[in-house]
Amino acid sequence: QIGRKFFNPKAAHQVQGHNCEVWPGYEARLNMKELGVLLNVDVAHRVVRKENMLTILNDIKNEASRKGQDFKQEVGEKIGGSIVVTSYNNRTYRVERVDYENSPSSTFDKNGEQISYAEYYKTRYQKTVTDMNQPLLINKDRRTGAEIALIPEFCCPTGLTDAMRANFNLMKEMAKITHIDANRNAKTC
């Protein structure tokens, strides 16, 4: 579940040659009408790119240094507010900010015991951190207000970039997946 929509990552459609996949899903709503309750079910799709956020951070860093720009400002503009999906539990998070003060080797308090982020992800999700110097992505839980630290190499961005939207071939492939023909679907039901 992502918001009010439900997606099935196991039934993802691979977009060949474009390093992304499309998760099929649906959104359901109940509405009260004059004659009773109306159930509205809409088709939904989620685009998940296959590159991880560590790769994107490194690409931004290299481009910023090549152009003589401030790396942290560029990251804030390009990554701040983006939605990522984690590879270990397929949950989505909004990146509020990038924490350069901490890394996977930093520790936090877990039930009165200090444990590093790398150890936590290794024991909890069987994920091994390969770059101990990467910064952390910070998400703020809307219900509790607590900050959740995410390791960039375990996160993949969702949605399309402007460059992807400008790619005619990619958009043509995406249309084949996302545009549902009602007549064809009615015959298969």
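# Exercises on strands, a surface patch and salt bridges

In this predicted model, strand S7 and strand S10 (residues 136–140) run antiparallel and are joined by 3 bridges.

**Exercise 1.** Determine the strand order of the open sheet that holds S7, and state which strands stand at its edges.

Solution.
- Step 1. The sheet is open, has 3 strands and follows the order S7-S10-S11, with antiparallel pairing.
- Step 2. Strand S7 (97–99) and strand S11 (147–150) each have a single partner strand, so they stand at the edges and one side of each has no neighbour in the sheet.
- Step 3. On average, neighbouring strands of this sheet are turned by 40° against each other, direction ignored.
- Step 4. For a residue pair in register, take arginine 97, which stands opposite isoleucine 138 in S10.

**Exercise 2.** Describe how S3 and S4 are connected and paired.

Solution.
- Step 1. The connection is a hairpin, in which 2 residues lead from S3 to S4.
- Step 2. The two strands run antiparallel, and 14 bridges join them.
- Step 3. One of the bridge pairs is lysine 33 with glycine 36 in S4.

**Exercise 3.** Identify the residues of the nonpolar surface patch and the strands that supply at least two of them.

Solution.
- Step 1. The patch is formed by Phe6, Tyr26, Leu30, Met32, Val37, Leu39 and Val41, which together have about 750 Å² of accessible area.
- Step 2. Strand S3 (20–33) and strand S4 (36–49) each supply at least two patch residues.
- Step 3. Phenylalanine 6 is placed in strand S1 (residues 5–7).
- Step 4. The relative accessible area of phenylalanine 6 is 33%, so this residue is partly exposed.

**Exercise 4.** Find which parts of the chain the salt bridge between lysine 50 and glutamate 21 ties together, and classify both residues by accessibility.

Solution.
- Step 1. The closest N and O atoms of lysine 50 and glutamate 21 are 3.9 Å apart, and the salt-bridge cut-off is 4 Å.
- Step 2. Lysine 50 lies in the loop between S4 and helix H1 (53–67), and glutamate 21 lies in strand S3, so the pair ties together parts 29 residues apart in sequence.
- Step 3. Lysine 50 has 41% relative accessibility and therefore counts as partly exposed.
- Step 4. Glutamate 21 has 14% relative accessibility and therefore counts as buried.

**Exercise 5.** Locate the salt bridges of aspartate 162 and glutamate 173 within their helices, and classify the residues involved.

Solution.
- Step 1. Aspartate 162 forms its salt bridge with arginine 165, with 3.4 Å between the closest N and O atoms.
- Step 2. Both residues lie in helix H4 (residues 162–165), 3 residues apart, or about one turn of the helix.
- Step 3. Aspartate 162 is exposed at a relative accessible area of 64%, whereas arginine 165 is partly exposed at 46% relative accessibility.
- Step 4. Glutamate 173 pairs with lysine 176, and the closest N and O atoms are again 3.4 Å apart.
- Step 5. This pair lies in helix H5 (residues 168–178), with a spacing of 3 residues, about one turn of the helix.
- Step 6. Glutamate 173 counts as partly exposed at 32% relative accessibility, and lysine 176 counts as exposed at 56%.
- Step 7. Elsewhere, salt bridges with shared partners join Glu63, Lys67, Glu74 and Lys78 into one network.
- Step 8. The whole structure holds 9 salt bridges.

Methods:
Residues numbered from 1 in each chain as written. Predicted model: local features only at pLDDT ≥ 70, side-chain atom pairs only at ≥ 80, totals over all residues. Heavy atoms only, no water. Pairing = 2+ DSSP bridges. Helix = DSSP H or I, 4+ residues; strand = E, 2+ residues; numbered from the N terminus. Axes fitted to C-alpha atoms, helices over the stretch in contact; angles between N-to-C directions. Patch = residues over 30% accessible without salt bridge, like charges linked within 9 Å, V, L, I, M, F, W, Y side chains within 5 Å. Areas by Shrake-Rupley, 256 points an atom, 1.4 Å probe, with all protein chains shown as cover. Salt bridge = Lys/Arg side-chain N within 4 Å of Asp/Glu carboxyl O. Buried < 20%, exposed > 50% of the residue type's maximum accessible area, 1.4 Å probe, protein only.
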